[in-house]
Every structure is written in C-alpha cells, then in structure tokens.
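Okay, everyone, thanks for coming. I'd like to walk you through one structure today, going from salt bridges to packing to a few backbone oddities.

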Amino acid sequence: MVEIRRWLDRTSESWAPPEPRDLTSSLRFLVWLTRSQSRRVMMGALLGTCWTVGLAVPPWVLSRAVDKGLVAGDTAALVRWALLLLAIIVLNALLGISRHRTMTKIRMDASFRTVRATVWHTSRLGASLTRRVGAGEVVTVGIADAQTVAQALTVTGPGVGAVVAYAVIAVVLFTISPLLAAVVLAGVPLLAVAVGPFLQRIERTSGDYRAHQGLLTTRLVDVLAGLRVLNGLGGKAFVASRYAQESQGLVGRGYRIAGPSSWVGALGGGLPALFLAAVVWLSARMAAAGGISIGDLVAVYGYVAVLVVPVTFFIEGSGDIARARVAGQRIIDLLNLPVSPHQGTEALPAGCGPLADPESGVIIRPGVLTALTGTQAAAVIERLGHVSSDSGPGVTWAGVRVHDVAREEFRQRLVLADNHAEVFAGAVREVVAGRLEADDDRLRSAIRVAVAEDVVEALPAGLDTVIAAGGADLSGGQRQRIQLARAVYSAPDVLLAVDPTSAVDATTEAAIIERLRAARRDLTTVVTTSSPLVLDQADEVIVLVDGRASSVGRHAELLQRDAHYRALVSRAQDDADE
C-alpha cells in the first residue's frame, strides 16, 4: 500500500511560467494549470472514474443477491453475492481515499503554481508594480483567487468520473428498460436549463464583487501600514468609519452573489432527489406491471441513488468553473501587465565597476566607499540601480550599458538598500539571509557590521526570534540596522545604500560606517548622506548641485576648497546638534 501511495504521489515538480497564449482567457489559464500537472490530472481522472463507476456496482451485485439468493432460496449463492458486495465496498473505499489524496494534491499544485506565477511576474515588474496595481489586489490574487481557481480543477477528477458514470448507468438501465434510460439521459439537459441562469448571474455579480474586494484589501493594507501616523494625527476613527462603510458596501455585493449561489446549492441537493423519486416511481410501476423483476427494481433504485453523486458534481463543478472564470480573469489581468519592452542579455564585466551616470555626471570608482551628498542624491542612486522609471539607457558598468544587461545577473551583483525596503515576517535568521542560504557565521558578521548585535541579543530567541511584518515590533533604528545587515549579507559587488544611518545616534553611526568600510574593502559601496561623520569616513565624496556632480574629493579637501560643501556640512551639523 505504501509503494502504491508513493507511485501515486510521484510526479514532475518542474515549473515554467505560462506562455502568452495561456493568458488570453481565464479558461486558457485553467488549461495551463491542468497541462502543467497532466500526469497527476490523468491519474485523478482515472481514480475518479473508477470510484464513481464503482458506486454503481453494488446495486447490481445487490440485485443478483436478491434474484439468485433470496428469491431463489439459495443460501450459498446469497453468501457468495454478499461477500462479493463487501469486497467491492472495501475496494471502492480504497479508490475513494486515493482519489481524494490525488485531487487534494492537484488543487494544492494549482494554487501554488498560480502564486508562483504571480510572484514571478511581480518581481519582473519591479518598482513599477506599486504604480500600476494596489497591494491589496496582489494579495487577493495570491490568496483568494488562487484558491478559487484551484478549486475548479476538481472537475478534472470527480467531474470526469461523473460524466463516465452517468453514461455507464444510462447504458446499464437501457438493458433493463429503454424508457428508464431515456428518462435518465433527459435529466442532464433539464438540470442545465434549471441551473444555467443562476451560474450566469454568479459570473456577472462576482466580477463586481471581486473588483471591490481588491480595492478594499488595498485600503486595509494602506491603513495598517500607516496606523502609527493615523494615531498621531488622530485620524484613526475617521478612517475606521470610512472602512466600515466600504465594508458594508462589499457585504451588499456579497449578498447579490449569495442569492444565486444558494439557489445553485439548493438545486444541487433538491433536483437529484426529485430525479431519484421520479425514476423510482416509474420503475416501481413497471415492476408492479411485471415489466421488470424485483431484483431489477432494487438495482434501478441503487443506480439512480448513485446518480445523485455525479449530478451533484455536475452542479457544483459548474458553479466552481463560473467562479474560477472571474478569479482567473483577475489573475491573468495581473500576469498580462507589460514589463519593460527591453530585456537585456549582455553579461556584466568582472569586477566592481566603475559605474557612470551621464545625466548627473557621477562616476563611481570601483572598490571604494563613495558618499553622495546634495540635492537629488536619491534620484542618482535610483538611476545607478536601474529602478527609476526614468533611469534610461545611459548608466554604464565598466562601459557596458546597464540597460542591456540581463536583469537577473544585475540584481545578483548590485543591491540597492533603502529605508523603504520591505521587512517580511519571519525569524531574524531568515530575514537577514533573504534569498540566500542562512549561514550563522556570515549572519553574525553581517549583523556586527550593521551594529545590530544588541538588537538580536535583546530578542527572546536571538536569531530564531520571529519579527512582525514590516518590522512593526522593532524601533526605526533597529529596523534600519536589520535592513542594512541583510544588504551586507548578500555581499554584492556594488552596494547602493540610501541614508543607511539616518535613524541611529552618532555613536552607532560612526561604528556602522567604520565597520561597513572595513567589511567591504575592495568592493564598491555608495551611500547617500549629509552626516559629517559618514562623509569623513568616505574614500570619495561627490557633491551634487541640482542633481549634477559639482565637485569630487575627500571630505577634508572639499571643506577647504568648496564653499557650497562647507555650507552643506554646516547645516547638517546644526541640524544634528538640535
């Protein structure tokens, strides 16, 4: 049994993103999810068919037991047929277990595959994602829509089995009575006529509900992110009241879906029962008239009772597909958001630069700590990191245009760390390691460079302590140091850090910049800052005026020969003293 289970579970776990043709409609997306695990789906269809058809075997065996055993008075035949009935019931139970396991894995695979496709595409969109779609929409797609689409894949197992079982039972009934077979075959069109209008209404109303659900989730994400600010401004009550009103509007739209959905559920339970009653009444009259035997009457009752299962699958599966079409459309709308039309293929040269930004005139020498100070320093960093929407193709790395470089390699060798970078919920070890494997020695080294040892030591379980999403249970300075430790741990050839010491005191700031310079010796590090402590430690300072490089040199040299720089440093010092 264990070996059979392992064989059933064995399937290819390879993943490839959907092709453009798979995103032309929600049905094509469902086909892609099915095709991506075709072996498992075929196994589910086979098990579903065997299980559903197997439900029709006990009535036939029972009819033989009645005719050959009870009516004929043959005790031995009765025992034989009873034992066969028991064996078939046990076998069908095993088939049911295997079918359920396989369908659960199919639904889980479809859900995870959808989430992975969403994550893959949102990472390709990069910084442009937040300007094109709300965070709530992405969350709803990755959770609610993925589950809804996955649920629809149930039709590939019990759904296929229901079709086959319906046909098999119709054929078996035809051998007993063509009239009974005709009544059974006429049942499906009648069900479609009864349920079809409700399914269409579900599909129409679900689209409006789903759109407002995404908007409301976005609002909730924004509220949670700005809760501290709202508390400070005293606006929490107003925002809560507004959110409650919008929630009630969503509830009203949900009721409009609940109406037809409840009718589909009622029809799913009621119509099969009426169908069963009609066929049993007709077969009873035929038995009374001598048209069929008592055993056939028992068999007909069993067959039609079994038909309740496939008929229910027909109705429930139709509802699942109607909802999946709406959810699938939202998913492919996200996956069809265009990425940058230019996808680079060039390889980056070995080494750590130099980086050059023609728009500002900034040239970052390789292997040194460079400080950018002055106006629009953050914009220069964004262009160097190739994340700004107006970064353009001018920035170069050792003479190679960053615009032409393969994105994946560029992101591995250059890291842009700013104070808005997301801190995901999880253990400190996982947060600092990021996408890399966690190595405790490297982790402690990176944490030391960020002067975050006291942060980790103060946590109950040290590196194993789970911190909240966004670092909500950390202070601003603690969160900033954890973010810097994560950037240091990635050990990129080029590290671009935006104000990495803005939330810490002067003593901590001096220690951070000293350790950062030592840890990244021979690697390129660029920081934006106006702090005299950081500027003094930099190997090179680039002064920006109106977004253009105006002077370059060491801190002490610039203080002597650049009046604008002296004024800039003086203002920063005055602000620090205050």
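Before I name any residues, one cut-off, since I'll lean on it a lot: buried means under 20% relative accessible area, exposed means over 50%, and partly exposed is whatever falls in between. And please keep in mind that this is a predicted model.

So let's try that out on a glutamate. E359 comes in at 45% relative accessibility. That value sits between the 20% and 50% limits, so E359 counts as partly exposed. What does E359 pair with? Its salt-bridge partner is R383, and the closest N and O atoms are 3.6 Å apart. R383 has a relative accessible area of 5%, so we call that one buried. Now look at where the two sit. E359 is in the loop between β1 (355-357) and β2 (362-364), while R383 belongs to helix α13 (residues 377-384), so this pair ties together parts that are 24 residues apart in sequence.

There's another pair I like, D454 with R481. That salt bridge has its closest N and O atoms 3.0 Å apart. D454 is in helix α17 (residues 453-458) and R481 is in helix α18, so here the parts being tied together are 27 residues apart in sequence. On accessibility, D454 is at 42%, so it's partly exposed, and R481 is at 10%, so it's buried.

While we're on networks, R40, D109 and R113 are joined into one by salt bridges that share partners.

Then we have D404 and R401, whose side chains meet in a salt bridge at 2.8 Å, N to O. Is the acid in that pair buried or exposed? D404 has 17% relative accessibility, which is under the 20% limit, so it counts as buried. R401, on the other hand, is partly exposed at 35%. In total, the count for the structure comes to 15 salt bridges.

Okay, cysteines. How many disulfides does a search of the whole structure find? The answer is 0. As a reminder, a disulfide is a covalent bond between the sulfur atoms of two cysteines. I did check the accessibility of a couple of cysteines anyway. C50 has a relative accessible area of 35%, so it's partly exposed, whereas C352 is at 11%, so it's buried.

Next, the packing. The largest nonpolar core has 43 residues, and the ones with the most contacts inside it are V428, V432, I482, L516, V527, V541 and Y565. Which helix gives the largest share of this core? That's α18, residues 476-489, with 6 residues. So α18 has now come up for the core and also for the R481 salt bridge. Apart from this core lies another one, of 26 residues, and A150, I331, L335 and L337 are among them.

If you want to zoom in on a single residue, try V541. Leaving out anything up to four places away in sequence, V541 touches A371, T373, L535, S551, V552, G553, H555, L558 and Y565. Y565 is itself on the list of residues with the most contacts inside the core.

Now for empty space. Rolling a probe the size of a water molecule over the atoms shows where empty space is left. With a threshold of 30 Å³ or more, the count here is 1 cavity. Its volume is about 70 Å³. Around it you'll find A417, D418, N419, Q480, Q483, L484, A497, V498 and P500. The elements that give two or more residues to the lining are α18 and β9 (494-498). And the largest share, 3 residues, comes from α18 again.

Last topic, the backbone. The peptide bond from G353 to P354 is cis, with omega near 10 degrees. P354 lies in the loop between α12 (294-335) and β1.

Where do we get positive phi without a glycine? One case is Q376, at about 65 degrees. Q376 is in the loop between β3 (369-374) and α13, and its relative accessible area of 47% makes it partly exposed. A398 also has a positive phi, about 50 degrees, and isn't a glycine either. You'll find A398 in the loop between β4 (396-397) and β5 (400-401). A398 is partly exposed as well, at 31%.

That's my tour, happy to take questions.

How values were computed
Residues are numbered from 1 along each chain as its sequence is written. This is a predicted model: local features need pLDDT of at least 70, side-chain atom pairs count only at pLDDT 80 or more; totals for chains, interfaces and linings use all residues. Side-chain values use heavy atoms; hydrogens and water are left out. A nonpolar core is a set of buried Ala, Val, Leu, Ile, Met, Phe, Trp, Tyr and Cys residues joined through side-chain atoms within 4.5 Å. Buried means under 20% relative accessible area, exposed over 50%, partly exposed in between (1.4 Å probe, protein chains only). Helices (H or I, at least four residues) and strands (E, at least two) are DSSP runs, numbered from the N terminus. Contact means heavy atoms within 4.5 Å. A disulfide is a pair of cysteine sulfur atoms within 2.5 Å. A salt bridge is a side-chain nitrogen of Lys or Arg within 4 Å of a carboxyl oxygen of Asp or Glu. On a 1 Å grid over the protein atoms alone, a cavity is a set of points where a 1.4 Å probe fits but cannot get out, and a pocket is an open set with protein on both sides within 12 Å along at least five of seven lines; lining residues have an atom within 4 Å of a point. Grid points are joined across faces, edges and corners, and a volume is the space filled by probe spheres set on the points.
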